[in-house]
Amino acid sequence: MKKLVIVLLLGTWLYGCQSSSVPEPENLIDEEDMVEIYYDMQVYQAIDNSMPGKLAEENILLPESVFKKHQVTKKQFEDSDYYYAQNIKKYKKIFEEVKAKLEEKKESLKEVPQKPLPKPKS
């Protein structure tokens, strides 16, 4: 009997993790657009990490610039992010697509011919 109760509780918990109890927001950003937004955030973050201050010099502020580029508001993004986070399968799919897109970009950059570094002046 104890095992049955544990199995039922575990099943209920797993079912609860899969179904979204959060209602779909009115201004939901579709999954494809969320992929593009997260992709841009990752690219801009990588630029900011590798060249500190470069984005600020260009007046690119994170995440505001990404929201402006994709014509979404911070609230709309937050509501959509929260909604997708309640559905693990959709959320995981979004981030798998972001990862694949980043990997594809990384591979394409390997094909770019590298210029030799200039020789130091003596």
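## Helices and salt bridges

A helix here is a DSSP run of H or I with at least four residues, numbered from the N terminus. With that in hand, let's look at this predicted model, starting in helix H6. Lys 93 and Glu 97 sit four residues apart in H6, so about one helical turn separates them. Their side chains meet in a salt bridge, with N to O at 3.8 Å.

Helix H6 offers another pair with this kind of spacing. Lys 92 and Glu 96 are both in H6, four residues apart, or about one turn of the helix. They also form a salt bridge, and their closest N and O atoms are 3.8 Å apart. Lys 92 is exposed, at a relative accessible area of 52%, while Glu 96 is partly exposed at 45%.

## A network from H6 to H2

Lys 93 has a further partner. Its side chain meets that of Glu 31 in a salt bridge of 3.7 Å, N to O. This pair joins distant parts of the chain: Lys 93 belongs to helix H6 (residues 88-110) and Glu 31 to helix H2, 62 residues apart. Together, Glu 31, Lys 93 and Glu 97 form a linked network of salt bridges.

How accessible are the members of this network? Lys 93 is partly exposed, with a relative accessible area of 42%. Glu 97 is partly exposed as well, at 32% relative accessibility, and Glu 31 is partly exposed at 22%. For the wider picture, a search of the whole structure finds nine salt bridges.

## Where H2 packs on H5

Glu 31 also takes part in a helix-helix contact. Helix H2 (residues 31-50) packs on helix H5 (residues 74-85) at an angle of about 110°, and their axes are 12 Å apart. Angles of 65 to 115 degrees count as roughly perpendicular, so H2 and H5 are roughly perpendicular to each other.

On the H2 side, the contact involves Glu 31, Met 34, Ile 37, Tyr 38 and Met 41; on the H5 side, Phe 77, Ser 80, Asp 81 and Tyr 84. Sorted by class, six of the residues in this contact are nonpolar, one is polar and two are charged.

## A buried acid in H5

Asp 81, a residue of helix H5, deserves its own look. Which side chain of opposite charge is nearest to Asp 81? That is Lys 74, 12 Å away. A salt bridge needs nitrogen and oxygen within 4 Å, and Asp 81 has none although it is buried. Leaving aside residues up to four places away in sequence, Asp 81 touches Met 34, Tyr 38 and Tyr 91.

Methods. Residues numbered from 1 in each chain as written. Predicted model: local features only at pLDDT ≥ 70, side-chain atom pairs only at ≥ 80, totals over all residues. Heavy atoms only, no water. Axes fitted to C-alpha atoms, helices over the stretch in contact; angles between N-to-C directions. Helix = DSSP H or I, 4+ residues; strand = E, 2+ residues; numbered from the N terminus. Parallel < 35°, antiparallel > 145°, perpendicular 65-115°, else oblique. Contact = heavy atoms within 4.5 Å. Nonpolar A, V, L, I, M, F, W, Y, C, P; charged D, E, K, R; others polar. Buried < 20%, exposed > 50% of the residue type's maximum accessible area, 1.4 Å probe, protein only. Lys, Arg positive; Asp, Glu negative; His and termini not counted.
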